[in-house]
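Please work through the exercises below with the sequence and the model at hand, and try each task before reading its solution.

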Amino acid sequence: MGGPLLTIIGVAIVVAGLVLITIFARYFRLWIQSFMTGAGISLFDLIRMTFRKVNPAVIVRSKIMAVQAGLTDEEGVTTQALEAHYMAGGNVPLVIRSMIAARKAKIIDLDIKRATAIDLAGRNILEAVQTSVYPRVIDCPSKDSKKPSLDAVAKNGIQLKVKARVTVRANLDQLIGGATEETIVARVGEGIVSAIGSADTHADVLENPDRISKAVLARRLDSQTAFEIVSIDIADIDVGDNIGARLEADKAEADTRVAQANAEKRRAAAVATEQENMATIEQNRATLVQAQAEVPKAMAEAFQSGRLGILDYYKLENVKADTDMRDAIAKAGRK
């Protein structure tokens, strides 16, 4: 009995030794880094992370960065907080780097709750902190836009082509739910077009381009956005087409076409009336011929009834012949 029992104990000791060696080989380097830097992550914490499907290397390195930068557990930068953010799908190293950048800048108040919330909202928290420290310049219109410039027309009808550069600083208070860069570009473009459109002449704008910047800034276009507009600078301004003259020419051409259409309508109506009158004449002429056809019949009835004598007939024929002669003489005179 002693032989098999000793064998089982020996195998168990060997297996336990292998497990310990495996754990030691896997976590010793991370543990020693944590121990030497004062990160405060124990070997047991590293094993627990593995069971919770948390990458120990990410947590250890992030915690070391935080400790080395002076971010302490009292400020909420605890191992448990980092693990929770990792399991929520957040980018732990990015959050720690953003907090370090904010602390170094000394102008941004960014705690762990705010940083993790912004990160989980899908915003690049490190880029936002960097934009808060170093303002960012946005081209308006953007370089990806199909139109190379913002086109607007002054009251005198002259078109101006403008390129602007907008300097913005990230607004961390509005970073969650605030509008993005595209909204800033759209609002600035709208403001520039409105400012030029309110000018009496294009010369007024060319003499003082700052009036565009002042008018746009006064409209508080950065409201409800993730950015704060620092300045708007007019990078380039050119004179475009005379839109007013073109519109007047187009209007004159359109009026001409309308007048031509109305004249053609009246001509068609006159032609129709002429055709109707000619039809009426032909109808009356047919009625006259029909009436004339009744004359011989009436004369025959008059002869038979005795109301018309032979002398009356010849008198009528003489009057007719005299009338035909007068018509012939009159037609010869007109020729």
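Two residues are in contact when heavy atoms of theirs lie within 4.5 Å. The structure is a predicted model, and every value below is computed from it.

**Exercise 1. Find how the chain is divided into domains, and state how many residues of domain 1 are in contact with domain 2.**

Solution. Begin with the domain assignment, which gives domain 1 as residues 20-133 and domain 2 as residues 136-243. The C-alpha centres of these two domains lie 41 Å apart. Next apply the contact rule, by which 10 residues of domain 1 are in contact with 12 residues of domain 2. Finally, turn to the area that the two domains bury between them, which is about 980 Å², with 61% of it on carbon and sulfur atoms.

**Exercise 2. Determine which residue forms a salt bridge with Arg136, and which elements give two or more residues to the side of domain 1 that touches domain 2.**

Solution. The count of salt bridges between domain 1 and domain 2 is one. Looking at Arg136, one finds a salt bridge with Glu127, in which the closest N and O atoms are 3.4 Å apart. Polar contacts across the interface of the two domains come to three residue pairs. On the side of domain 1 that touches domain 2, helix H6 (112-120) and H7 are the elements that give two or more residues, and H7 gives the most, with four residues. Sorted by type, the residues of this side divide into five nonpolar, two polar and three charged.

**Exercise 3. Decide whether Thr131 is buried or exposed, and list its contacts beyond four places in sequence.**

Solution. First locate Thr131, which is in helix H7 (residues 125-133). Its relative accessible area is 7%, and because buried means under 20%, Thr131 counts as buried. Then leave aside the neighbours within four places in sequence: the residues in contact with Thr131 are Arg136, Val168, Arg169, Ala170 and Phe227.

**Exercise 4. Examine the backbone at Lys53 and at the bond from Cys140 to Pro141, and say what sets each apart from the general pattern.**

Solution. Start from the general pattern, in which most residues other than glycine have a negative phi, and most peptide bonds are trans. Lys53 has a positive phi of about 60°, although it is not a glycine. Lys53 is found in the loop between helix H2 (43-51) and helix H3 (56-68), and with 76% relative accessibility it counts as exposed. The peptide bond from Cys140 to Pro141 is cis, with omega near 5°, and Pro141 is placed in the loop between strand E1 (136-140) and strand E2 (150-153).

Conventions
Residues numbered from 1 in each chain as written. Predicted model: local features only at pLDDT ≥ 70, side-chain atom pairs only at ≥ 80, totals over all residues. Heavy atoms only, no water. Buried < 20%, exposed > 50% of the residue type's maximum accessible area, 1.4 Å probe, protein only. Domains from an automatic or database assignment. Buried area = accessible area lost by both parts, 1.4 Å probe. Salt bridge = Lys/Arg side-chain N within 4 Å of Asp/Glu carboxyl O. Polar contact = N/O pair within 3.5 Å; in protein donor to acceptor, adjacent residues only side chain to side chain. Nonpolar A, V, L, I, M, F, W, Y, C, P; charged D, E, K, R; others polar.
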